[in-house]
Amino acid sequence: VLVVIGDYSSGKTSLVKRLLAEADSATADGLGVAAQPATSEARRYDFGPWDLVDAPGFQSGRADHDLVAVAAARDAALVVVVLHVNLLIGDTSRLEQLLLGDETTVGKAASTVFVIGRMDEVGADPRLAPRDFLVRRRRKVEELLAILRSKGLVVAPEQVLAVAADPYGLVERRA
């Protein structure tokens, strides 16, 4: 099971849609993208040998969303944490508890990939200013690694990816 979690509107569902499209899987009905909380339950999709789970977002203002996301990720073989380009903001306690673990649960940090989503919002267009884009991308990755270290999470750089699953909103408009 591969579970995609993160704050609401960080790009989780866009990433799930993109992964399914890249794998030539049918995009399921109801796989909607919106600026407000759009996913209220953990939804499973067939992704080759994986069950791909799109979980509700953290910090949506709905406590049940946080609980559903954490529950979905507890038994996952791989957790993908999608972060907005602004990285870790607000209350990150549930995410930290999931990653670090506690007296009853093993932490998921070692089996987690961090995806800085929405990289098209980093302030440099890779087509027009590729060097500037790459510098900003590298700095975002370094910033995330430093933030995670400050929270007691040692993450290898190869566990951090920076992507735009739906660059400039162009993919959403296509079938």
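This passage walks through the fold of a predicted model, from its overall layout to its sheet, its central strands and its cavities.

The protein has 175 residues, and 42% of them count as buried. Its secondary structure comes to four helices and six strands. Followed along the sequence, these elements appear in the pattern β-α-β-β-α-β-α-β-α-β. It helps to keep that pattern in mind, since the order of strands along the chain and the order of strands in the sheet are separate matters.

In space, the six strands form an open sheet, and their order across it is β2-β3-β1-β4-β5-β6. The pairing within this sheet is mixed. As a reminder, strands of a sheet pair through backbone hydrogen bonds, either parallel or antiparallel. β2 (43-47) and β6 stand at the edges of the sheet with a single partner strand each, so one side of each has no neighbour there. From one strand to the next, the twist averages 25°.

A good place to begin a tour of the sheet is the edge formed by β2. This strand is joined to β3 (residues 50-54) by five bridges, and the two run antiparallel. Together β2 and β3 form a hairpin with two residues between them. Gly48 sits in the turn of this hairpin and has a positive phi of about 65°. Individual pairs can be picked out along the hairpin: Phe47 has Trp50 of β3 as its bridge partner, while Arg43 stands opposite Asp54, also in β3.

Strand β5 (residues 112-116) deserves a slower look. How much of this strand is buried? Five of its five residues are, so that the strand is described as mostly covered. In a regular strand the side chains alternate between the two faces of the sheet. In β5, Thr112, Phe114 and Ile116 point one way, whereas Val113 and Val115 point the other way, and all are buried.

The partners of β5 lie on either side of it in the strand order, with β4 before it and β6 after it. β4 (residues 78-83) and β5 run parallel and are joined by five bridges. Within this pairing, Val82 has Val115 of β5 as its bridge partner. The pairing of β5 with β6 (residues 160-162) is also in the parallel sense and extends over three bridges. Here Ile116 is matched with Ala162 in β6. The chain gets from β5 to β6 by way of helix α4 (residues 130-150), in a right-handed β-α-β crossover. A right-handed β-α-β unit is likewise made by β4, α3 and β5.

Two residues illustrate places outside the strands. Ser111 is found in the loop between α3 and β5. With a relative accessible area of 22%, Ser111 is partly exposed; the cut-off for buried is under 20%. Ser111 and Leu99 are 12 residues apart in sequence, and their C-alpha atoms are 9.0 Å apart in space. Val135 belongs to helix α4. This residue is partly exposed too, with a relative accessible area of 28%. Between Val135 and Ala124 there are 9.5 Å in space, C-alpha to C-alpha, and the two are 11 residues apart in sequence.

Finally, the empty space inside the model can be examined. Rolling a probe the size of a water molecule over the atoms shows where empty space is left. How many cavities of 30 Å³ or more does a search of the whole structure find? There are two. The largest has a volume of about 50 Å³. Its lining consists of Asp7, Phe58, Gln59, Leu87, Leu88, Ile89, Asp91, Thr92 and Leu95. By class, this lining has five nonpolar, two polar and two charged residues.

The second largest cavity holds about 30 Å³ of space. Leu88, Thr92, Leu95, Glu96, Leu99, Leu148, Lys151 and Leu153 line this second cavity. Five of these residues are nonpolar, one is polar and two are charged. Which element gives the most to this lining? The answer is helix α3 (residues 93-100), with three residues. Leu88, Thr92 and Leu95 appear in the lining of the largest cavity and also in that of the second largest.

Definitions and conventions
Residues are numbered from 1 along each chain as its sequence is written. This is a predicted model: local features need pLDDT of at least 70, side-chain atom pairs count only at pLDDT 80 or more; totals for chains, interfaces and linings use all residues. Side-chain values use heavy atoms; hydrogens and water are left out. On a 1 Å grid over the protein atoms alone, a cavity is a set of points where a 1.4 Å probe fits but cannot get out, and a pocket is an open set with protein on both sides within 12 Å along at least five of seven lines; lining residues have an atom within 4 Å of a point. Grid points are joined across faces, edges and corners, and a volume is the space filled by probe spheres set on the points. Ala, Val, Leu, Ile, Met, Phe, Trp, Tyr, Cys and Pro count as nonpolar, Asp, Glu, Lys and Arg as charged, and the others, Gly among them, as polar. Buried means under 20% relative accessible area, exposed over 50%, partly exposed in between (1.4 Å probe, protein chains only). Two strands pair if DSSP finds at least two bridges between them. A crossover is right-handed if, with the strands pointing away from the viewer, the path from the first strand over the helix to the second runs clockwise. Axes are lines fitted to C-alpha atoms, for helices over the stretch in contact, and angles run from 0 to 180 degrees between N-to-C directions.
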